[in-house]
Structures are given as structure tokens and as C-alpha cells.
Amino acid sequence: MSPNEIESSALPGQGLRFLLFGAFNTALTYLLYCALVFVIHPQVAYALVFALGIGLAWVGNSKFVFRQPMTRKIAAVYPFMYLAQYLLTAALIHASTAWLMLGPRVALALALAITTPLSFVWNRALLVQKTQ
């Protein structure tokens, strides 16, 4: 089996692990946010859990989803990938509510339907080491 065939055969498992870990990360950070808003301002709570979520995503996507080593180089770049995803999601929500006249909940669902597969591709491109 060639390296490209091995890499392609890993995609379904990686995709499933990405969705499972993403659901876990989202649930965990949401529960933490719900607890924190009792004691700190919601924006501060969100900033904390957002940062924690990025850290968890780096570890979980590296170790569990794509089974790759964690490096400082990737750690330095990783938050910028999530910043790009955040900005894209915000733009999609704005466009959906302003131009398509969708409600905010539907707009977020549409944005997530677009950005979740992109996030998988971006994570995979950043984290998966190419075999020679």
C-alpha cells in the first residue's frame, strides 16, 4: 500500500474522531462556561473557555484525532487557525442574517455546516505529518 493509499484510508476514522472529539470539547467548554458565569462576567468566561477549547483542540486533534506528535511550531500557529475559523464563522453569520434574512440560530447552523468540514481540512493539513 502506498503512502497516499494509507493516508486516504485513514480519512473516515479521522473524520469520525474529529466529530466525536469536537462534540466532547464543545460540551466540556460549554459546561465550564455555564459554571463560570455564576462568578465572573460572561465575556470573561467566554474568553477563558474559548482559549481552553483551543488548547484542548490542539491536544485532542493531535493525539486522538490525527495521532500526530505535538510540536511547539504547530502550537504557535494553531490559535491563528482558530482565529481564521472564528472570523469566517462571524462573517457567515453576518451575511446570513443581513443578506439572507435568516434568524441567528439558523445562521449559526449554516455557518457551522460550512466551517466544520473546513476546520477538519485545516486541522488535518496542519497536524498530519506528510510521509516521505
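## Helix H3

Helix H3 covers residues 72-98, 27 residues in total, and reaches 40 Å from its first C-alpha to its last. That is close to the 39 Å expected at 1.5 Å a residue. The model is predicted. H3 has a kink of about 25° at Tyr78. The proline Pro79 follows shortly after.

Tyr78 is also one of the buried residues of H3. The others are Ile74, Met81, Tyr82, Gln85, Thr89, Leu92, Ala95 and Ser96. An α-helix has 3.6 residues a turn, so residues three or four places apart point the same way. The buried residues of H3 pack against two helices: H2 (42-65) and H4 (104-127).

## The largest pocket

The largest pocket holds about 1100 Å³ of space. Its lining counts 27 residues. Nearest the centre lie Thr26, Tyr46, Phe50, Gln85 and Leu112. Gln85 is thus named twice: it is among the buried residues of H3 and among those nearest the pocket centre.

Which helix gives the largest share of the lining? H1 does, with 10 residues. H1 (3-36), H2, H3 and H4 each supply at least two. By class, the lining has 17 nonpolar residues and 10 polar ones. No charged residue takes part.

## Overall fold

The protein has four helices and zero strands. Along the sequence the pattern reads α-α-α-α. The C-alpha trace spans about 50 × 35 × 25 Å along its principal axes.

Of the 132 residues, 28% are buried. Among contacts between residues at least 6 apart in sequence, 63% join residues at least 24 apart.

Note on methods
Residues are numbered from 1 along each chain as its sequence is written. This is a predicted model: local features need pLDDT of at least 70, side-chain atom pairs count only at pLDDT 80 or more; totals for chains, interfaces and linings use all residues. Side-chain values use heavy atoms; hydrogens and water are left out. The expected span of a helix is 1.5 Å times one less than its number of residues. The bend at a residue is the angle between axes fitted to the seven residues ending there and the seven starting there. Buried means under 20% relative accessible area, exposed over 50%, partly exposed in between (1.4 Å probe, protein chains only). Contact means heavy atoms within 4.5 Å. On a 1 Å grid over the protein atoms alone, a cavity is a set of points where a 1.4 Å probe fits but cannot get out, and a pocket is an open set with protein on both sides within 12 Å along at least five of seven lines; lining residues have an atom within 4 Å of a point. Grid points are joined across faces, edges and corners, and a volume is the space filled by probe spheres set on the points. Ala, Val, Leu, Ile, Met, Phe, Trp, Tyr, Cys and Pro count as nonpolar, Asp, Glu, Lys and Arg as charged, and the others, Gly among them, as polar.
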